Amino acid sequence: MNPILHVEVPAADLDRAMAFYRQWLQVDIDTPITVHDCRMAYLPFNDRGAGASMALVHGADYLPSEQGPRIYMGVDDLDHSLQRALQAGAVLCFGPDVAGDWRVAEIRDSEGNRIALQAPVTS
């Protein structure tokens, strides 16, 4: 079982972060809710499915940073996903590169968080 259940990505500007992730990941994002004095916007997830849920969060304890934990986003086509991220305003930190059976790249998102993209190597 994957021990990661939920990931919260800090956002200095929640509307900007939502626009970035919508454009990059081509997903609908729920209307933000308020939890513990924070505004949270959930990306699509299935409670019964595999993998973790993810929310963009704006609040006093949520500070975007390149030095925080790295989130690896699984993508089907690394080059296409990376291109969409850059078009949405991401900055390329490194890659794409091969790491064993995986291709990886890292970007800085609209809020300054360092996010990794990972896809299987295809022949």
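Which residues of α2 are buried? The points below come to this after setting out the two sheets of the model, which is a predicted one.

1. First sheet, layout. Four strands make up an open sheet in the order β1-β4-β3-β2, and the pairing is mixed. At the edges are β1, residues 6-10, and β2, residues 33-35, each of which pairs on one side only. From one strand to the next the twist averages 35 degrees.

2. β1 with β4. These strands run parallel and are joined by five bridges, with β4 covering residues 53-58. One pair to look up is Pro10, whose bridge partner in β4 is Val57.

3. β3 with β4. Here the sense is antiparallel, over four bridges. Arg39 can serve as a landmark, since it stands opposite His58 in β4.4. β2 with β3. Three bridges join this antiparallel pair. Ile33 has Met40 as its bridge partner in β3. The two strands form a hairpin with two residues between them, and His36 in the turn has a positive phi of about 50 degrees.

5. Second sheet, layout. This is also an open sheet of four strands with mixed pairing, and the order is β5-β8-β7-β6. The edge positions belong to β5 (71-74) and β6 (91-99); each has a single partner strand, so one side of each is left without a neighbour in the sheet. The twist in this sheet averages 20 degrees from one strand to the next.

6. β6 with β7. Six bridges hold this pair in the antiparallel sense, β7 being residues 102-108. Among the bridge partners, Asp97 is matched with Val104 in β7, and Val91 is matched with Arg108 in β7. The hairpin of β6 and β7 has two residues between the strands, and Gly100 in this hairpin takes a positive phi near 65 degrees.

7. Helix α1 and the sheets. Which strands does α1 lie across? In the first sheet, α1 (residues 14-25) lies across β1, β3 (38-42) and β4, and runs at about 145 degrees to β4. In the second sheet, α1 lies across β5, β7 and β8 (114-120), and its direction makes about 15 degrees with β8. The helix therefore has contacts listed with strands of each sheet.8. Length and faces of α1. The helix has 12 residues, and its first and last C-alpha atoms are 16 Å apart, close to the 16 Å expected at 1.5 Å a residue. Its buried residues are Leu14, Ala17, Met18, Phe20, Tyr21, Trp24 and Leu25. Seen down the axis of α1, these fall within an arc of 165 degrees, so they line one face of the helix. The general background is that an α-helix has 3.6 residues a turn, so residues three or four places apart point the same way.

9. Ala19. This residue lies in helix α1. Is Ala19 buried or exposed? Neither term applies, because its relative accessible area of 40% makes Ala19 partly exposed. Ala19 and Ala88 are 69 residues apart along the chain, and their C-alpha atoms are separated by 8.3 Å.

10. Helix α2, the opening question. α2 (residues 78-87) packs on the sheet and touches β6, β7 and β8; its direction makes about 5 degrees with that of β7. The buried residues of α2 are Leu78, Ser81, Leu82, Arg84 and Ala85. Seen down the axis of α2, they fall within an arc of 160 degrees, so they line one face of the helix. Those buried residues pack against α1, β6, β7 and β8.

11. Cysteines. The structure holds zero disulfides. Cys38 counts as buried, at 10% relative accessibility. Cys93 has a relative accessible area of 25% and is partly exposed.

Technical notes
Residues are numbered from 1 along each chain as its sequence is written. This is a predicted model: local features need pLDDT of at least 70, side-chain atom pairs count only at pLDDT 80 or more; totals for chains, interfaces and linings use all residues. Side-chain values use heavy atoms; hydrogens and water are left out. A disulfide is a pair of cysteine sulfur atoms within 2.5 Å. Buried means under 20% relative accessible area, exposed over 50%, partly exposed in between (1.4 Å probe, protein chains only). Two strands pair if DSSP finds at least two bridges between them. Axes are lines fitted to C-alpha atoms, for helices over the stretch in contact, and angles run from 0 to 180 degrees between N-to-C directions. Contact means heavy atoms within 4.5 Å. The expected span of a helix is 1.5 Å times one less than its number of residues. The arc is that of the directions from the helix axis to the C-beta atoms.
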